[in-house]
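Hi everyone, thanks for coming. Let me put the sequence and the model up on the screen, and then I'll walk you through one part of it.

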Amino acid sequence: DALPIYFEVAERQRVNDIQARDAQRREQQKAEEVKSGGGFGFKLGSMIGSAGAAIGSAASGAQASAEASVRNAHVNKNKERFAKHFPQLLAAGEQLITDYDCKVLHQGQKVTGHAILSTNYLCFESGTLIEIIPLREISCLRHSVALETIDNGPPYIMITPAPNVISDTLQVFTVKQQLFQFIEFGSLLVTAGNFYGSSTVKGSAFERFFNFLDHAWRVATPVPVPGVQYAA
C-alpha cells in the first residue's frame, strides 16, 4: 500500500511545482507589463485616453474653425459698411480698425447704429445719421455709465463714479466743445467668443472698443491735447 501513497504524494508535489511555476510566470509577466507601461487595462485606458484626446482635438479644431468663419464674415461685413457709408475716407487712404454695434444719444433719443473706428477718425453710422469725428479733435475720452430713468426717457449719463463700477458708456469730448455719447455696445465677435469659450476675445464690447479708440487717439495726436485745459 505504500507505493500508491508514494505516487500520490509525488503527483501532488508535481502539481504543486507546476502551479508554483505558473504563479511565478504570471508575476514575471505582470512585472514586465508594469515596466513596459501596463497590461491590457492600461493599454485599453491609453486607447480610450488617446481617443478622447483625438475627439477633444477635433472638437477644438471645429470650434476654432467655426469661430474663424464668424470672424472673417464679420470683418468682411464691416469693410463693406465702411466702404458704403464713408467712401471719402476710404479714398483718402483710411484703414478700418474696428466696428461695433452701439447706440448714440441724438437730440435726446437713442439712435441704433455702428461705432466705426479708422486710422484717424471715429465715425457713427445708422443709415440716417452719419457722424465723422477726427481723432485729432478729441480732447477727452471718459468711462461712463448710463442709468435708466423712471419716466422711460433718455438714460442719465454720468462719469463712472468708482473703480468698482462697471462702465458701459463712452463720452467723447472735442476741442470744438462737442459731446458725443455712445451707449449699449455690442459685437458679434464678443458674442461668438463667449459662445465658443474663446480665450482670444476678452472683455466686454464696451471695454474692447474703448481700448481700440484710446490707442488710435493717442497715436493720432499728443495726449494730453495741447491747448486744452483739463480739470484737476
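Before we look around, one bit of vocabulary: buried means under 20% relative accessible area, exposed means over 50%, and partly exposed is in between, with a 1.4 Å probe and protein chains only. What you see is a predicted model, where local features need pLDDT of at least 70, side-chain atom pairs count only at pLDDT 80 or more, and totals for chains, interfaces and linings use all residues. Residues are numbered from 1 along each chain as its sequence is written, and side-chain values use heavy atoms, leaving out hydrogens and water.

Now to helix α5, residues 205-220 (helices are DSSP runs of H or I, at least four residues, numbered from the N terminus). Which residues of α5 are buried? They are Ala205, Phe206, Phe209, Phe210, Leu213, Ala216 and Trp217. These residues sit on the same side of α5, because they cover an arc of only 140° around the axis (taken from the directions from the helix axis to the C-beta atoms). Turned away from that buried side is a face with the exposed residues Asn211, His215 and Val219.

Let's stay with two of the buried ones. Phe206 has 4% relative accessibility, and Phe210 has 7%. They are four residues apart in α5, about one turn of the helix. Their ring centres are 5.9 Å apart and their planes at 45°, so the pair is tilted (centres within 6.5 Å make a pair; planes under 30 degrees apart are stacked, over 60 edge-to-face, the rest tilted). Finally, Phe206 and Phe210 join Tyr100, Phe185 and Phe209 in one aromatic cluster. Thanks for listening!

Technical notes:
Helix = DSSP H or I, 4+ residues; strand = E, 2+ residues; numbered from the N terminus. Expected span 1.5 Å × (residues − 1). Phe/Tyr/Trp six-rings, centres within 6.5 Å; stacked < 30°, edge-to-face > 60°.
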